[in-house]
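I opened my notebook to record what I looked up in this structure, one topic after another. I began with the empty spaces inside and left the packing for later.

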Amino acid sequence: MSPNITRLQGRTALVTGSTGGLGVAIAKALADQGAFVVVSGRNKERGDAVVAEIRSAGGQAEFVAADLGAGGDEVQHLAQQATAAAGGHIDILVNNAGVWGMPEPTGEVSEQALLESYQTNVIAPFLLTGALAPGMAERGHGAVVNVGSITGLIGGDRSALYSSTKAAVHSLTKSWAVEYGPSGVRVNAVAPGPIATERALEAADHVAPVLARIPSRRMSTPEEVAAAVTFLAGDDAGNIHGVILSVDGGWAAA
Ligand SMILES: NC(=O)c1ccc[n+]([C@@H]2O[C@H](COP(=O)([O-])OP(=O)(O)OC[C@H]3O[C@@H](n4cnc5c(N)ncnc54)[C@H](OP(=O)(O)O)[C@@H]3O)[C@@H](O)[C@H]2O)c1
């Protein structure tokens with residue numbers, strides 16, 4: 001498919017966690033709209049493969065490795081390396097990388113799991129946004145799109161850890177919209193329900209009862225969620241600030 005080079009032509013984007021799952025679809029969708037995309041994650045081999053796929057479709061991309069669970073220095077390093085790879089500035093930041101797993105009773109969640117989840121899902125996007133949004137504000141334009149979750153909006157059985165990290169992501173989205181909006185930087189989030197990624201499909205037994213409660217009775221495709229992210233990142237969403245856009249087949253409404 002040849003890229004649709006109009007909407008995001010000339011923009012640069014960093015997509016965390018774009019070596020697998022949803023992030024790959026987001027990186028490809030942004031590149032397809034003409035953005036130069038910095039693909040990131042821990043796994044260089046998978047990252048290079050995503051870059052190659054984008055380039056073979058006519059898009060532009062580079063890979064920058066980062067472990068967002070490794071602390072603040074690594075996050076700052078990613079911000080610097082991604083900015084350099086993108087030619088000096090990042091216009092669009094998609095905070096997508098996240099740790100999620102099978103439901104677990106609260107009493108069985110280890111302190112280590114708490115720290116790891118909060119580091120990757122909350123602290124890393126917090127620091128990355130703090131590193132990149134001020135530059136966007138200085139230039140007078142930019143967009144941050146956070147990947148939250150429907151479980152951050154509604155309660156989930158044995159999902160307290162993951163759900164609470166995503167509720168924090170939604171809260172940060174609103175505070176950043178207020179903080180950066182006056183400088184021309186829009187901050188929004190998507191709140192997906194189950195997405196048919198490779199990992200989620202492996203957990204199909206767990207997801208089946210959930211699907212029975214969802215009005216659409218199905219998972220979203222990664223491309224459907226990526227389309228919502230791309231919309232929020234682009235000028236068609238030019239006066240949309242601080243929304244949490246559910247892409248959940250109607251789960252939150254049921
Ligand atoms: N799948 C769903 O049903 C669903 C539903 C709602 C929300 N979400 C959210 O959507 C986002 C993507 O989820 P997914 O299902 O696509 O997950 P996934 O298939 O597990 O992929 C996660 C991505 O994040 C990266 N990542 C994980 N830990 C990292 C770390 N410490 N440092 C840097 N990168 C890291 C992984 O890359 P490396 O392995 O290369 O590091 C991979 O590219 C997450 O925020 C998740 O919470 C997912």
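**Cavities.** I looked up the largest cavity and noted a volume of about 30 Å³, keeping in mind that this is a predicted model. My search of the whole structure had found 2 cavities of 30 Å³ or more.

Which residues line the largest cavity? I listed Asn-95, Ala-97, Asn-121, Pro-125, Val-147, Lys-166 and Val-169. When I sorted this lining by class, I counted 4 nonpolar, 2 polar and 1 charged residues. I also checked where the lining comes from, and found that α4 (111-139) and α5 (160-180) each supply at least two of its residues.

I then turned to the second largest cavity, for which I also wrote down a volume of about 30 Å³. Its lining consists of Thr-16, Leu-68, Asn-95, Ala-97, Thr-120, Ala-124, Pro-125 and Leu-128. Here I found 5 nonpolar and 3 polar residues but no charged ones, and α4 gives the most to this lining, with 4 residues. Comparing my two lists, I saw that Asn-95, Ala-97 and Pro-125 appear in both.

**Nonpolar cores.** Before going on, I reminded myself that in soluble globular proteins nonpolar side chains tend to be buried together. The largest nonpolar core in this model has 31 residues, and those with the most contacts inside it are Ile-26, Leu-30, Val-37, Val-39, Ile-54, Val-94 and Val-190. At least two residues of this core come from each of β1 (12-15), α1 (22-32), β2 (36-41), α2 (44-56), β3 (60-65), β4 (92-95), β5 (142-147) and α8 (222-233). Which element supplies the largest share of this core? I found that α1 does, with 7 residues. Apart from this core lies another one of 27 residues, and among them are Leu-14, Phe-36, Leu-68 and Met-136.

I followed Val-190 further and, leaving out residues up to four places away in sequence, found that it touches Asn-146, Val-147, Gly-148, Ser-149, Val-225, Ala-228, Val-229, Leu-232, Leu-245 and Val-247. One of these, Val-147, was already in my notes as part of the lining of the largest cavity.

**Thr-83.** Last, I looked up a single residue, Thr-83, which has its place in helix α3 (residues 72-85). What does the side chain of Thr-83 reach? I noted the backbone oxygen of Ala-79, at 2.6 Å. Not counting residues up to four places away in sequence, Thr-83 touches Gly-88, His-89, Ile-90 and Leu-132.

Notes: Residues are numbered from 1 along each chain as its sequence is written. This is a predicted model: local features need pLDDT of at least 70, side-chain atom pairs count only at pLDDT 80 or more; totals for chains, interfaces and linings use all residues. Side-chain values use heavy atoms; hydrogens and water are left out. A nonpolar core is a set of buried Ala, Val, Leu, Ile, Met, Phe, Trp, Tyr and Cys residues joined through side-chain atoms within 4.5 Å. Buried means under 20% relative accessible area, exposed over 50%, partly exposed in between (1.4 Å probe, protein chains only). Contact means heavy atoms within 4.5 Å. On a 1 Å grid over the protein atoms alone, a cavity is a set of points where a 1.4 Å probe fits but cannot get out, and a pocket is an open set with protein on both sides within 12 Å along at least five of seven lines; lining residues have an atom within 4 Å of a point. Grid points are joined across faces, edges and corners, and a volume is the space filled by probe spheres set on the points. Ala, Val, Leu, Ile, Met, Phe, Trp, Tyr, Cys and Pro count as nonpolar, Asp, Glu, Lys and Arg as charged, and the others, Gly among them, as polar. A polar contact is a pair of N or O atoms within 3.5 Å; within protein, one must be able to donate a hydrogen and the other to accept it, and residues adjacent in sequence count only if both atoms are side-chain atoms.
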